[in-house]
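Colleague: I would like to learn how to read the packing and the sheet in a model like this one. Could we go through it feature by feature?

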Amino acid sequence: MRLAVTRRAVLAVASVVLVALLALVTPRALEGFRTPSGEPSASPAASGPPRFELASYMYALQTRGRIRVGMLDGDLPFGARDAGGARSGFDADLARELAIRIFGPQQNADSVIEWVSVTPSTASGALARDEVDVAFARLAAVPAQTGAEASPIQLSDPYFVTGERILVRSTNDEIKELPDLDTKTVCVQRGTTVGDDVEAANAFAKILPLDSLVSCLEALRQGQADAIGAHEVTLWSLRKEDPDTKLVGRYVTSERYGIGVKRNSGSDRQGFLPFVDAFIGDAIRDGTWARLYARDVTPVSADRKSAPGL
């Protein structure tokens with residue numbers, strides 16, 4: 001009887017020890033779990049950087065200790081830099097989220113980011129010359145040219161979709177979609193293709209070309225124009241200048257912005273583009289994209305979106 005009690009006591013102690021060991025070992029074991037693509041699992045460890053395949057570019061970035069981000073300087077609500085060098089805007093905040101996805105939670109994500117100023121015309125060269133790892137520079141995907149030499153850069157899946165739209169007076173309830181522009185006057189900035197695009201979308205619209213969109217805004221106020229046609233981002237600025245206006249209708253044209261990366265050549269960017277694509281998809285699914293849009297874009301666009309669709 002005494003022997004049975006002793007065995008029961010030993011088994012009870014062993015069970016407690018085993019549970020304690022599992023509590024310590026299991027999270028660590030799960031931390032190293034990877035999908036076949038080498039990306040972190042859907043349930044990464046709560047602390048510490050994710051683990052990547054040694055051959056992946058994400059591991060190379062972790063080894064370097066920073067990611068170089070090409071960013072526009074004065075392009076709010078996407079990206080801007082103040083006098084002290086601090087970055088703000090939708091693209092800047094999305095870049096911070098990308099850095100966290102690579103390096104793990106950071107008290108200050110900027111500590112693992114090296115910001116590099118680029119323009120839409122210099123971003124591709126900066127990527128090709130390995131001066132930046134990613135570029136947020138309103139880079140829009142264009143159709144591939146038959147027989148053309150492969151570009152040294154690639155774009156991720158779209159993280160932002162925009163394009164040309166129309167602006168009308170807030171009291172105008174007649175114009176809601178492009179077909180409503182029949183016999184209406186649309187003001188556009190002279191020298192742009194917006195007028196041609198509007199005419200292609202609605203052959204009965206009348207185009208009023210003026211030297212500037214400021215002049216178009218005045219024409220809209222004076223009743224000389226029924227609508228203004230321009231890129232959506234530009235119309236955001238006009239709407240902010242005159243709150244008695246609103247954007248209506250579907251996009252006349254569309255642009256899909258992607259994150260620029262250097263093309264994987266000789267395995268020097270192994271797994272990086274698929275990783276960036278997965279990051280964008282995750283940011284949309286978990287609400288990160290919508291949160292950043294509401295914080296950075298909604299104040300100027302006056303709308304809310306949960307995904308980069310039209």
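Modeller: This is a predicted model. Start with a helix pair: look for the side chains that meet. Here Leu213, Leu217 and Arg221 in H6 meet Thr234, Leu238 and Glu241 in H7.

Colleague: At what angle do H6 and helix H7 pack, and how far apart are their axes?

Modeller: The angle is about 50 degrees, and the axes of H6 and H7 (residues 232-241) lie 11 Å apart. Angles under 35 degrees would count as roughly parallel and 65 to 115 as roughly perpendicular, so H6 and H7 are oblique to each other. The crossing of H6 and H7 is right-handed.

Colleague: Which strands does helix H6 lie across?

Modeller: Helix H6 (residues 213-221) lies across S9 (164-169), S10, S11, S12 and S13, and runs at about 155 degrees to S12.

Colleague: In what order do the five strands of the open sheet come?

Modeller: Read a sheet by its strand order and then by its edges. The order is S11-S10-S12-S9-S13, with mixed pairing. Strands S11 (206-210) and S13 (245-248) are the edges, each pairing on one side only. From one strand to the next, the twist averages 35 degrees.

Colleague: In which sense do strand S10 and strand S12 pair?

Modeller: S10 (residues 185-189) and S12 (residues 227-231) pair in the parallel sense, over two bridges. As for register, Val186 stands opposite Ala227 in S12.

Colleague: Next, the core. Which residues in the largest nonpolar core touch the most other members?

Modeller: Ile67, Phe160 and Phe272 do, in a core of 52 residues. Helix H3 (residues 90-103) gives the largest share of this core, eight residues. Another core, of 13 residues, lies apart from it; among them are Ile175, Val186, Val198 and Val248.

Colleague: What does Phe160 touch?

Modeller: Leaving out residues up to four places away in sequence, the contacts of Phe160 include Phe78, Phe90, Trp236, Trp289 and Tyr293. Charged residues are also on the list, including Glu255 and Arg256.

Colleague: Then a charged residue in a helix. Does Arg101 count as buried or exposed?

Modeller: Arg101 lies in helix H3. Its relative accessibility is 19%, so Arg101 counts as buried, the cut-off being under 20%.

Colleague: Which residues does Arg101 touch?

Modeller: Not counting residues up to four places away in sequence, Arg101 touches Pro50, Phe52, Phe275, Ala278, Phe279 and Asp282. Sequence separation is a useful check here: Arg101 and Phe279 are 178 residues apart in sequence, yet 7.6 Å apart in space, C-alpha to C-alpha.

Conventions. Residues numbered from 1 in each chain as written. Predicted model: local features only at pLDDT ≥ 70, side-chain atom pairs only at ≥ 80, totals over all residues. Heavy atoms only, no water. Core = buried A, V, L, I, M, F, W, Y, C linked by side-chain atoms within 4.5 Å. Buried < 20%, exposed > 50% of the residue type's maximum accessible area, 1.4 Å probe, protein only. Helix = DSSP H or I, 4+ residues; strand = E, 2+ residues; numbered from the N terminus. Contact = heavy atoms within 4.5 Å. Pairing = 2+ DSSP bridges. Axes fitted to C-alpha atoms, helices over the stretch in contact; angles between N-to-C directions. Parallel < 35°, antiparallel > 145°, perpendicular 65-115°, else oblique. Left-handed = near helix turned anticlockwise from the far one by under 90°.
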